Amino acid sequence: MPGQPGQPGPVGTIRYWAAAKAAAGTAEEPYAARTLAQALEAARRRHAERPDFARVLTRCSFLVDGAPVGTRDHATVQLAEGGTVEVLPPFAGG
């Protein structure tokens with residue numbers, strides 16, 4: 001059961017947009033993590049063969065279930081069962 005000791009955590013979806021989508025080579029993938037930091041670290045490991053992926057993530061903004069993460073420490077951002085993480089790279093002109 002997600003959230004139990006020794007388990008990875010809630011399961012949801014990470015959606016990649018624009019340059020993040022290109023760097024990941026996919027539009028979306030599942031996460032199983034308790035925090036945004038854990039989900040992003042797992043994604044970095046999954047895409048280790050794509051050197052641009054980790055670099056692009058450092059420039060991205062994140063929405064968790066529609067709420068902006070802003071400058072909060074990713075380790076403090078809790079993820080929910082069935083939730084969505086949006087990975088948004090900087091967009092030209094905005």
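What follows is a short chat about the predicted model shown above.

Visitor: How many helices and strands are in the chain?
Guide: The chain of this predicted model has 3 helices and 5 strands.

Visitor: In what order do the elements run from the N terminus?
Guide: The order is β-α-β-α-α-β-β-β.

Visitor: What share of the residues is buried?
Guide: Of the 94 residues in the chain, 35% are buried.

Visitor: And what about the area the chain exposes?
Guide: That area is about 5300 Å², and 57% of it comes from carbon and sulfur atoms.

Visitor: Switching to salt bridges, how many are there?
Guide: The count is 6.

Visitor: Which residue does R15 form a salt bridge with?
Guide: The partner of R15 is E28, and their closest N and O atoms are 3.5 Å apart. This pair links distant parts of the chain, with R15 in strand β1 (residues 11-16) and E28 in strand β2 (residues 28-32), 13 residues apart.

Visitor: Which residues make up the network with R15?
Guide: R15, E28 and E86 are linked in a network of salt bridges.

Visitor: Why does R15 count as partly exposed?
Guide: R15 has a relative accessible area of 32%, and partly exposed covers values between the 20% and 50% cut-offs. E28 is also partly exposed, at 44%.

Visitor: What do E29 and R46 do?
Guide: Their side chains meet in a salt bridge, at 3.1 Å from N to O. E29 lies in strand β2 and R46 in helix α2 (residues 36-46), so the salt bridge ties together parts that are 17 residues apart in sequence.

Visitor: Is E29 buried or exposed?
Guide: E29 is buried, with a relative accessible area of 10%. R46 is partly exposed, at 37%.

Visitor: Where do R55 and D52 lie?
Guide: Both are in helix α3 (residues 51-57), 3 residues apart, which is about one turn of the helix. They form a salt bridge, with the closest N and O atoms 3.0 Å apart. R55 is partly exposed at 44% relative accessibility, and D52 is partly exposed at 41%.

Visitor: New topic, backbone angles. What is the phi of A18?
Guide: Phi of A18 is near 50°, a positive value in a residue other than glycine. Most residues other than glycine have a negative phi. A18 is in helix α1 (residues 18-24).

Visitor: And where is D65?
Guide: D65 is in the loop between β3 (61-64) and β4 (67-68). D65 is not a glycine either, and its phi is positive, about 50°. At 45% relative accessibility, D65 counts as partly exposed.

Notes
Residues are numbered from 1 along each chain as its sequence is written. This is a predicted model: local features need pLDDT of at least 70, side-chain atom pairs count only at pLDDT 80 or more; totals for chains, interfaces and linings use all residues. Side-chain values use heavy atoms; hydrogens and water are left out. Helices (H or I, at least four residues) and strands (E, at least two) are DSSP runs, numbered from the N terminus. Buried means under 20% relative accessible area, exposed over 50%, partly exposed in between (1.4 Å probe, protein chains only). Accessible areas come from the Shrake-Rupley method with a 1.4 Å probe; for residues, only the protein chains shown count as cover. A salt bridge is a side-chain nitrogen of Lys or Arg within 4 Å of a carboxyl oxygen of Asp or Glu.
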